[in-house]
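The following exercises concern a single protein chain. Please examine the sequence and the coordinates before attempting them.

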Amino acid sequence: MHETCRWLFLSFYFLCLYAIFAAVILFLKIVMKKENIVALAEVCEVLQGKNVDRKKCNDNGEGLPVVVGASDLVQGVFTPKRWCSETLKEPTLSEAGDILLSVVGTLGKMGVNTQGSAILSKHVCALRPRKGVSRQYLMAVISRPLPPGP
């Protein structure tokens, strides 16, 4: 009789373990399928550039660098070709660490501002991750292809 009780106890024990394991797997499947969709502005500040008069720019490195467009984003890094030493009316400035994203022409080309303060032209925007948001993760999510729509 003692052996029978032991067998029943072990069977019940393993059955409970199996049920718990199955519940955890089901929970993970539900969580993994659910996509957490948030507005871009919730995870980063979005800065849109403004028109920068080419006549106010130079190519000899004087003044602040200007992010003109996709051609300035080389291998994922901002590489300036133009600078501006003249005073501009309310320029939009990017800071070191901002994600730069082309929004005209070569749409979606990305790079990181490693230069420091830089003037944004209207052909690019800067994404400045909010506190607690990983820049690398944000770049990976943004560059991820969209699923097919309805």
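Two exercises on this predicted model follow, each with a worked solution.

**Exercise 1.** Describe the secondary structure, burial and contact pattern of the chain.

*Solution.*
1. Count the elements: the chain has three helices and 11 strands.
2. Place them in order: along the sequence, the pattern reads α-α-β-β-β-β-β-β-β-β-β-β-β-α.
3. Assess burial: of the 150 residues in the chain, 28% are buried.
4. Characterise the surface: the accessible area is about 10900 Å², and carbon and sulfur atoms contribute 63% of it.
5. Consider the contacts with a separation of 6 or more: 65% of them join residues 24 or more positions apart.

**Exercise 2.** Determine where N58 lies, whether N58 is buried or exposed, and which residues surround N58.

*Solution.*
1. Locate the residue: N58 belongs to strand β2, which covers residues 57–58.
2. Classify its accessibility: the relative accessibility of N58 is 15%. The cut-off for a buried residue is under 20%, so N58 counts as buried at 15%.
3. Examine the polar atoms of its side chain. One of them lies 3.3 Å from the backbone nitrogen of G61. The side chain of N58 also reaches the backbone oxygen of E62, at 2.9 Å. Both distances fall within the 3.5 Å limit for a polar contact.
4. List the partners beyond four places in sequence: N58 is in contact with K81, R82, W83, C84 and S85.
5. Combine the steps: N58 is a buried residue of strand β2, with side-chain polar contacts to the backbone of G61 and of E62, and with contacts to residues including W83.

Definitions and conventions: Residues numbered from 1 in each chain as written. Predicted model: local features only at pLDDT ≥ 70, side-chain atom pairs only at ≥ 80, totals over all residues. Heavy atoms only, no water. Helix = DSSP H or I, 4+ residues; strand = E, 2+ residues; numbered from the N terminus. Buried < 20%, exposed > 50% of the residue type's maximum accessible area, 1.4 Å probe, protein only. Polar contact = N/O pair within 3.5 Å; in protein donor to acceptor, adjacent residues only side chain to side chain. Contact = heavy atoms within 4.5 Å. Areas by Shrake-Rupley, 256 points an atom, 1.4 Å probe, with all protein chains shown as cover.
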